[in-house]
Amino acid sequence: MSTNFLAPKSKIMISGPVKEYSSPVASGNIVTRYFCNNCGSAIAHGSSMIPDLQALQTGNFPDFAKVKIEHELYVKDRWTGLGPIPGAVQVDAMPNLDFIQRAKDLEKAE
């Protein structure tokens, strides 16, 4: 389980000793995962399905604690010990294209 922030790739800069690996997932898309070369902590991942977007894995970045969680994805796979986040839209699996387009529109908002 991870908490991710989906954003336009053009708005994200990752620096430092980073490694990556790519692998196919159940949908047939390729997911590329980025992680710290020193400690192995997950940093981000991207999918060939949405190449303009990247998901930052927020657990290692304290500033993300201030960001309101608006959506929960893949809730069908949620650990049974965790309940839904109050007020967050619940999405069973991969979100539809309208959801993805709204994330892409973040780039145009500035």
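Let's start with one pair: Asn 4 has Gln 57 in strand E5 as its bridge partner. Strands here are DSSP runs of at least two residues labelled E, helices are runs of at least four labelled H or I, and both are numbered from the N terminus.

A word on the model before we go on. It is predicted, so I should give the limits: local features need pLDDT of at least 70, side-chain atom pairs count only at pLDDT 80 or more, and totals for chains, interfaces and linings use all residues. Residues are numbered from 1 along each chain as its sequence is written, and side-chain values use heavy atoms, with hydrogens and water left out.

Now the overview. The chain has 1 helix and 7 strands. Reading from the N terminus, the order is β-β-β-β-β-β-β-α. The chain has 110 residues, and 25% of them count as buried. Buried means under 20% relative accessible area, exposed means over 50%, and partly exposed lies in between, with a 1.4 Å probe and protein chains only. The accessible surface is about 7,700 Å². Carbon and sulfur atoms hold 55% of that surface. These areas come from the Shrake-Rupley method with a 1.4 Å probe, and for residues only the protein chains shown count as cover.

Next, the sheet. In what order do the strands of the open sheet lie? The order is E1-E5-E4-E3-E2, five strands with antiparallel pairing. Strand E1 (4-8) and strand E2 (18-24) are the edges, and each pairs on one side only. On average, neighbouring strands are turned by 25° against each other, direction ignored. Pairing needs at least two bridges found by DSSP between two strands.

Back to E5, which spans residues 53-57. E5 runs antiparallel to E1, and 5 bridges join the two. Along that pairing, Leu 6 stands opposite Ala 55. E5 also pairs with strand E4 (residues 42-47), antiparallel again, over 2 bridges. There, Ala 44 stands opposite Leu 56. E4 and E5 form a hairpin, with 5 residues between them.

Is E5 covered or open? E5 is mostly covered, with 5 of its 5 residues buried. Both faces are covered. Leu 53, Ala 55 and Gln 57 are buried on one side. Gln 54 and Leu 56 are buried on the other.

Just past E5 comes Thr 58, in the loop between E5 and strand E6 (71-72). Thr 58 counts as buried because its relative accessible area is 10%. Beyond residues up to four places away in sequence, Thr 58 touches Thr 3, Asn 4, Phe 5 and Phe 64. A contact means heavy atoms within 4.5 Å.

On to the core. Nonpolar side chains tend to be buried together in soluble globular proteins. Which residues make up the largest nonpolar core? There are 7: Ala 7, Ile 12, Tyr 34, Cys 36, Ile 43, Ala 44 and Leu 56. Strand E3 (30-36) and E4 each supply at least two of them. A nonpolar core is a set of buried Ala, Val, Leu, Ile, Met, Phe, Trp, Tyr and Cys residues joined through side-chain atoms within 4.5 Å.

Take two members. Leu 56, leaving aside neighbours within four places, contacts residues including Ile 12, Ile 43, Ala 44 and Phe 64. Ile 43 sits in strand E4. Ile 43 is buried, with a relative accessible area of 13%. With the same kind of neighbours left aside, the contacts of Ile 43 include Tyr 34, Cys 36, Leu 56 and Phe 61.

Last, charges. Side chains of opposite charge can pair when their charged atoms come close. How many salt bridges are there? The count is 3. The rule asks for a side-chain nitrogen of Lys or Arg within 4 Å of a carboxyl oxygen of Asp or Glu. Lys 66 and Asp 63 form one, at 4.0 Å from N to O, and both are exposed. Asp 77 and Lys 76 form another, with their closest N and O atoms 3.2 Å apart. Both Asp 77 and Lys 76 are exposed too. Arg 78 joins Glu 72, with closest N and O atoms 3.0 Å apart. Arg 78 is partly exposed at 22%, whereas Glu 72 is buried at 13%.

Definitions and conventions:
Axes are lines fitted to C-alpha atoms, for helices over the stretch in contact, and angles run from 0 to 180 degrees between N-to-C directions.
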